[in-house]
Each structure stands twice: as structure tokens, then as C-alpha cells.
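Grab a pencil and let's work through a few exercises together. Each one gives you a task, then a solution that goes step by step.

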Amino acid sequence: MAERRTAQRRTADRRTIGDLLGDDRRRIDRLTPVQALAEMDGGAVLVDIRCQELRDETGVIPESRHLPLSVLYWRLDPTSGSRDPDVSDPDRRIILLCAHGYSSSLAAATLRDLGFARATDVDGGFEAWAAAGLPVTAAAG
């Protein structure tokens, strides 16, 4: 019983990942897959942050860019020597997509902190995109 109270005190002294996710999601205007597709048609870039293995297994979204989460911030930061000029404009609408919509929410909030005021993500991630019957193709390999 004493161990349980100690663990509860430790949790009360720190934020959980659930707390962080909730706070971050309140700061971004999440999109449904259909909304994301419409915004792509209007010039937004959809950035798939999933690992290559998952993309190989489940497919990719045509016209999306693949920037794994491990390099995302360096490719988007316009001051980085590793920036990608196609996506490093802070004024461009950046829509992130992960497998289920959790990592992409955290990453979109981080991009907002880096000055990408229009960064957002797809609610439900790739799973929701595929379930909506939107375009998916096999990963090039």
C-alpha cells in the first residue's frame, strides 16, 4: 500500500504523456482525413512521419512526403543545414500523419513551437485515412 501511495505522489508531481497529448491537441486544429486530402489539393503538404517498415507493410499516401519523426524537425527548420527546401517554409500548411494520430499531434505542436503556425495533423492517422477509403498505394521498393 505504501508503494502505491509513493507512485501516486510521483505521478502527481509530473505530467504524463496523456497530459502532454491533451494540451498539444488543444493547440492544433486537427483534420479529418477528408479535410486533409482537400487541403492537399489546395497546396498543403502531407508529411508521413511513420517508419519505412510500417509504410512498406501498410502502404503510402500518393503525393505525401516521407520524413520520419527522427529527422522531421531538422528537415523543416529553415535554419538547419539539413533542411528540405520543399517543406521548410514556416508559412506553408504542414499536415503530419502517423499510424494512429498520437505522435503526429505531439510533433505538430512542436512544429508550432518552431514557428510553423499552420502545422497540424490527421485525426486517426493513416489508419483513419485508409478506413475512409482514401487513396493508398504500395510503397515503392
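From one end of the sequence to the other, the protein runs α-α-α-β-α-β-α-β-α-β-α. Keep in mind that you're looking at a predicted model, where local features need pLDDT of at least 70, side-chain atom pairs count only at pLDDT 80 or more, and totals for chains, interfaces and linings use all residues. Residues are numbered from 1 along each chain as its sequence is written, and side-chain values use heavy atoms, with hydrogens and water left out.

**Exercise 1. Describe the overall build of the protein.**

Step 1: Take stock of the secondary structure. There are seven helices and four strands; these are DSSP runs numbered from the N terminus, with helices being H or I of at least four residues and strands being E of at least two.

Step 2: Put a box around it. Along the principal axes, the C-alpha atoms fill roughly 55 × 35 × 25 Å.

Step 3: Check what's hidden. Of the 141 residues, 35% are buried (buried means under 20% relative accessible area, exposed over 50%, partly exposed in between, with a 1.4 Å probe and protein chains only).

Step 4: Look at contacts (heavy atoms within 4.5 Å). Among those with a separation of 6 or more, 66% come from residues 24 or more positions apart.

**Exercise 2. Work out which residues of helix α6 are buried, and what they pack against.**

Step 1: Find α6, which covers residues 103-113. Its buried residues are Ser-104, Ser-105, Ala-107, Ala-108, Ala-109 and Leu-111.

Step 2: See what they touch. These buried residues pack against α2 (17-27), α5 (72-76), β3 (94-97) and β4 (120-121).

Step 3: Walk off the end of the helix. Just after α6 you meet Gly-115, with a positive phi of about 100°.

**Exercise 3. Compare a salt bridge inside one helix with two that link separate parts of the chain.**

Step 1: Pin down the term. A salt bridge is a side-chain nitrogen of Lys or Arg within 4 Å of a carboxyl oxygen of Asp or Glu, and the structure holds 13 of them.

Step 2: Start inside α2. Asp-24 pairs with Arg-27, and their closest N and O atoms are 3.6 Å apart. About one helical turn separates Asp-24 and Arg-27, because they sit three residues apart in α2. Asp-24 is buried at 10% relative accessibility, while Arg-27 is partly exposed at 34%.

Step 3: Now go further along the sequence. Asp-29 and Arg-112 form a salt bridge, with 2.8 Å between the closest N and O atoms. Asp-29 is in the loop between α2 and α3 (33-41) and Arg-112 is in α6, so this pair ties together parts 83 residues apart in sequence. Asp-29 and Arg-112 also belong to a network of salt bridges that includes Glu-39 and Arg-93.

Step 4: Try the other pair. The side chains of Arg-30 and Asp-121 meet in a salt bridge at 2.9 Å, N to O. Arg-30 is in the loop between α2 and α3 and Asp-121 is in strand β4, so parts 91 residues apart in sequence are tied together. Asp-121 is buried, at 0% relative accessibility.

**Exercise 4. Decide whether Glu-63 is buried or exposed, and locate it.**

Step 1: Find Glu-63 in the loop between α4 (52-58) and β2 (65-66).

Step 2: Apply the cut-offs. Glu-63 counts as exposed because its relative accessibility is 72%.

Step 3: Set sequence against space. Glu-63 and Val-136 are 73 residues apart in sequence, but 10 Å apart in space, C-alpha to C-alpha.
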